[in-house]
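Please look through the model below with the sequence at hand. The paragraphs after it go through the sheets, the helices that lie on them, the spaces and some backbone details.

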Amino acid sequence: MDFVQYIVVFLISLLYVCDLAYTVSSTKPNIVFVLTDDQDVTLGGEIPIVKTRWGVGLAGAYFRNSFTSTPICCPSRASILTGRYIHNNGVFNNSASGLCSGTEWSEGPEKNTLATYLQQSGYTTFLAGKYMNQYGLDERGGSPPSHVPAGWDWWNGLVGNSVYYNYNLSVNGTLEAHGKNPDTDYLTKVIEQRSLEFLDYRPPDKPFFMLLSTPACHSPYTPSDEYKDTFSHISAPRTPSFGVHGADKHWLVRTARDPMTDNAVTVLDNAFRNRWRTLLSVDDLVESVVEKLNEQNLLNNTYVVYASDNGFHMGQFNLPYDKRQLYEFDIRVPFMVRGPGIAAGQVRDEIVLNIDYMPTILDLAGIPIPSDVDGQSIVPLLIPRETNEVSPSIEWRVDFLVDYHGEGSLQRPPNCPDIPGTGVTGCNPNVGCVCQDAYNNTYSCVRTIDIAQDSIYCVFNDSESFVEYYSLTTDTAQLENAASSLTPTDRARLTSRLNQLKECAGESCHH
């Protein structure tokens with residue numbers, strides 16, 4: 001599919017949106033939540049999802065300042081499910097020891113999630129796709145595949161991390177093996193098929209919640225056969241920070257090979273194309289589900305939410321491809337929502353976080369929000385309480401916490417003899433043995449967006465107690481670490497606010 005064809009699809013999608021009118025219903029609404037994996041905003045990650053942007057974003061509200069509070073899969077997903085920052089939900093990294101699935105998670109936070117509250121309030125709950133990275137991998141300390149997490153009525157959970165072929169699903173606790181048949185095994189298509197089946201066979205007298213958690217656009221970036229040749233002439237964006245040595249940044253970024261090898265650039269360009277290709281199947285999934293809702297006369301009483309767990313980088317500051325960093329490309333994520341009472345065509349600038357999804361969905365369902373939830377419902381921004389007009393700007397947060405706990409290995413990286421020691425991980429010889437993470441790639445930041453400032457202030461838990469500060473008003477690409485330019489007063493103020501956020505819980509996290 002070339003660019004001209006995409007413009008045609010774009011225009012057709014506009015007509016498709018105009019045809020899907022709806023009114024507010026007095027019955028409990030249904031909710032469909034599409035969650036992608038590693039989908040960025042700053043590198044154009046929303047460009048391939050043309051039908052989704054028109055069928056969800058244009059048909060409702062799109063938020064330009066949507067962020068994850070932690071740029072890594074499992075902790076972000078825990079925050080999405082619990083509505084709590086990672087210092088309150090306890091999930092710190094992608095390992096079982098970091099509470100990414102396993103007994104401590106299942107006997108603790110998993111018992112009080114978005115799904116449990118919805119189920120207790122009469123919703124039929126459905127999940128298809130990725131849950132948490134270690135789910136089903138009991139040999140690594142994760143929950144066994146026979147375990148169906150609390151709150152889920154229909155369970156199609158991926159065992160382990162995102163893949164597209166050759167995987168196992170736990171179907172209500174029973175293993176179901178999948179191979180490499182493009183028609184029956186491509187995971188995004190399986191999620192689509194199971195979703196449509198659920199809509200056909202769900203209990204008709206109950207509202208429902210669906211979490212459709214796709215592998216796209218996570219590695220190994222395997223496109224479906226129909227899209228494997230799309231975007232063949234596109235390369236990763238050469239952003240202002242692409243191929244730039246981050247000499248004034250924390251030690252892990254400083255150690256990135258400068259310049260990147262030619263092979264590393266080739267690898268990341270191929271990965272970029274395949275990431276976009278995988279998202280085309282997500283776009284098809286969203287279209288199919290919205291059309292099915294419309295066919296069943298459910299769309300006028302259904303909210304459709306679209307988001308990602310974290311962003312991504314590809315060549316920025318010579319880091320070939322990954323997430324885990326404090327910069328905008330890793331923490332900005334897509335977020336859009338449509339549904340009854342939400343005026344179409346809204347583009348909003350309020351800060352929305354992954355910890356807001358859970359209280360927002362509970363609020364849409366008319367369920368009281370638990371007091372220990374750190375996030376806020378965005379319903380007051382979307383749906384006026386007493387008028388038919390779009391809600392004006394109201395008092396809202398102007399800053400938030402970004403937190404990450406690094407992972408490493410006690411083993412020296414294989415096939416990378418020039419790396420002097422241990423404690424690092426993700427050192428890929430295909431991209432010049434640049435390491436993507438380390439035990440002391442651990443930091444906390446306060447990200448601020450208001451009339452007076454647009455900034456991020458970060459402190460690392462390393463031997464340097466390294467500090468990074470960027471004013472995005474003047475340095476949108478975060479090229480120059482301006483920590484040394486902070487006055488003692490400004491540094492003290494930012495440090496104080498950061499410490500407050502690191503200790504906040506419940507309502508104290510809101511403002």
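Which residues in helix 2 meet which residues in helix 9? V50, K51, T52 and V56 in helix 2 meet D283, D284, V286 and E287 in helix 9, where contact means heavy atoms within 4.5 Å. By class, the contact of helix 2 with helix 9 has three nonpolar, one polar and four charged residues; Ala, Val, Leu, Ile, Met, Phe, Trp, Tyr, Cys and Pro count as nonpolar, Asp, Glu, Lys and Arg as charged, and the others, Gly among them, as polar. Helix 2 covers residues 50–57 and helix 9 residues 262–295, and their axes are 8 Å apart at an angle of about 35°. Axes are lines fitted to C-alpha atoms, for helices over the stretch in contact, and angles run from 0 to 180 degrees between N-to-C directions. The crossing of helix 2 and helix 9 is left-handed, a term for a near helix turned anticlockwise from the far one by less than a right angle, with right-handed used if the turn is clockwise.

The model is predicted: local features need pLDDT of at least 70, side-chain atom pairs count only at pLDDT 80 or more, and totals for chains, interfaces and linings use all residues. Residues are numbered from 1 along each chain as its sequence is written, and side-chain values use heavy atoms, with hydrogens and water left out. Helices (H or I, at least four residues) and strands (E, at least two) are DSSP runs, numbered from the N terminus.

Now the sheets. Strands of a sheet pair through backbone hydrogen bonds, either parallel or antiparallel. Here two strands pair if DSSP finds at least two bridges between them. One open sheet has 10 strands in the order 6-5-4-3-7-1-8-9-2-10, with mixed pairing. Strand 6 (174–178) and strand 10 (346–353) each have a single partner strand, so one side of each is left without a neighbour in the sheet. Neighbouring strands of this sheet are turned by 20° against each other on average, direction ignored.

At the strand 6 edge, strand 5 (residues 167–171) pairs with strand 6 in the antiparallel sense over five bridges. L169 stands opposite E176 in strand 6, and S170 stands opposite L175 in that strand. Strands 5 and 6 form a hairpin with two residues between them, and N172 in the turn has a positive phi of about 50°. Strand 5 also pairs with strand 4, in the antiparallel sense over three bridges; there N156 stands opposite V171 in strand 5.

Two helices can be placed against this sheet. Helix 7 (residues 187–201) lies across strands 3, 4, 5, 6 and 7, and runs at about 170° to strand 7. Helix 11 (residues 357–364) lies across strands 1, 2, 7, 8, 9 and 10, at about 165° to strand 1.

Another open sheet has four strands in the order 11-14-15-16, with antiparallel pairing. Its edge strands are strand 11 (399–404) and strand 16 (467–471), each pairing on one side only. The twist averages 15° from one strand to the next. Strand 11 pairs with strand 14 (residues 443–449) over six bridges in the antiparallel sense, and D403 stands opposite S444 in strand 14. Helix 13 (residues 488–503) lies across strands 11, 14, 15 and 16, running at about 110° to strand 14.

What space is left between the atoms? On a 1 Å grid over the protein atoms alone, a cavity is a set of points where a 1.4 Å probe fits but cannot get out, and a pocket is an open set with protein on both sides within 12 Å along at least five of seven lines; lining residues have an atom within 4 Å of a point. Grid points are joined across faces, edges and corners, and a volume is the space filled by probe spheres set on the points.

The largest pocket holds about 680 Å³ of space. It is lined by 27 residues, and N161, S219, D322, R324 and G426 are the closest to its centre. The lining of this pocket has eight nonpolar, 12 polar and seven charged residues. S219 also takes part in a cis peptide bond, to P220, with omega near 15°.

A search of the whole structure finds one cavity of 30 Å³ or more. The largest cavity has a volume of about 60 Å³, and L35, R77, I80, L81, K130, Y131 and L211 line it.
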